[in-house]
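Me: Before the individual assignments are discussed, please set out the grounds on which each of them rests. I should like every label to be justified against its criterion.

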Amino acid sequence: MNCAALLVAASLVASLAFSRSAPQAKASAPRADEVPSPSQPAQLSEIRGYREWAKVNPRPVPIVSRLVAAMCARPTNDDRAHDVSSPHANKLITVYVNELGRQAMMNELKPTFAVGSVIVKEKLAREEAGEPELLTVMIKRERGFNPPVGDWEFMATNGSGTKADARGRLESCQACHVLMKETDFVSRSYLPDELRSKLR
């Protein structure tokens, strides 16, 4: 082998050894417009994915009761500081119920909701509104949690269901629901006529 061939072979071996030992270049950071936007905060666990539950009224219905509008002021845990605005006044609602509460809600004339039943009411400013202004929630708890209203817990959240404004034994909610003992303290004024006629 001549000198020229030896030099070429040596340079190839040296370059191969260097490429194996040299640190690999790091991938460049993504541009600002390539960074994915953060995901939305998860909904509260009790109502997560509620729009996949049974939809009780296919279209939003108005809340026409003046009694409800007057009594259902936005609830708060502080009895001294109630917002006088009503989430029900001049609003529409769409109601969802989870699987545990579906039978009682949609089939029983005098329902008894199982522990773990959850009812979510979306408050809408108008029928075509894409997102609710507010959610009000009823959660059926174990016997003894809240006997005056059938052991329901009440909750009000922001429209996305990610933050509870108030929850628990809310007097502003109970004052109305205590009148509905025959239907396990659930109104169901929003039931469509075709469902109401089939209650047994």
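Reply: A salt bridge is a side-chain nitrogen of Lys or Arg within 4 Å of a carboxyl oxygen of Asp or Glu. The model under discussion is predicted. By this criterion the structure holds nine salt bridges.

Me: What makes E153 and R141 a salt bridge?
Reply: The closest N and O atoms of E153 and R141 are 2.6 Å apart. The cut-off is 4 Å, and the pair therefore qualifies as a salt bridge. E153 lies in strand β6 and R141 in the loop between β5 and β6, with their positions 12 residues apart in the sequence.

Me: Why is E153 called buried?
Reply: The relative accessible area of E153 is 6%. Buried means under 20%, so E153 is assigned to that class.

Me: Why does R141 count as partly exposed?
Reply: R141 has a relative accessibility of 22%. Partly exposed covers the range between the 20% limit for buried and the 50% limit for exposed; R141 therefore counts as partly exposed.

Me: How do you know that R141 and E46 meet in a salt bridge?
Reply: The N to O distance between the side chains of R141 and E46 is 3.6 Å. Because the limit is 4 Å, the pair is accepted as a salt bridge. This pair links distant parts of the chain: R141 is in the loop between β5 and β6 (152–158), E46 is in the loop between α1 (3–21) and β1 (54–55), and the two are 95 residues apart. E46 is partly exposed, with a relative accessible area of 22%.

Me: What makes D165 and K163 a salt bridge?
Reply: The closest N and O atoms of D165 and K163 are 3.6 Å apart. With the limit set at 4 Å, the pair therefore counts as a salt bridge. D165 is partly exposed, at a relative accessible area of 33%. Elsewhere, salt bridges that share partners join E46, R141, E153 and R167 into one network.

Me: Why is T136 called buried?
Reply: T136 shows 15% relative accessibility. This value falls under the 20% limit, and T136 is therefore classed as buried. T136 belongs to strand β5 (residues 134–140). Leaving aside residues up to four places away in sequence, T136 touches I119, V120, K121, K123, M155 and A156.

Me: What makes the pair T136 and K123 a polar contact?
Reply: The side chains of T136 and K123 are joined at 2.6 Å. A polar contact requires N or O atoms within 3.5 Å, one able to donate a hydrogen and the other to accept it; the pair therefore satisfies the criterion.

Me: Why are C173 and C176 called buried?
Reply: C173 has a relative accessible area of 15%, and C176 has a relative accessibility of 4%. Both values are under 20%, so C173 and C176 are buried. The structure holds zero disulfides.

Me: What is the overall setting of these residues?
Reply: The protein has five helices and seven strands, arranged along the sequence as α-β-β-α-β-α-β-β-β-β-α-α. Of its 200 residues, 40% are buried.

Technical notes
Residues are numbered from 1 along each chain as its sequence is written. This is a predicted model: local features need pLDDT of at least 70, side-chain atom pairs count only at pLDDT 80 or more; totals for chains, interfaces and linings use all residues. Side-chain values use heavy atoms; hydrogens and water are left out. A disulfide is a pair of cysteine sulfur atoms within 2.5 Å. Buried means under 20% relative accessible area, exposed over 50%, partly exposed in between (1.4 Å probe, protein chains only). Helices (H or I, at least four residues) and strands (E, at least two) are DSSP runs, numbered from the N terminus. Contact means heavy atoms within 4.5 Å.
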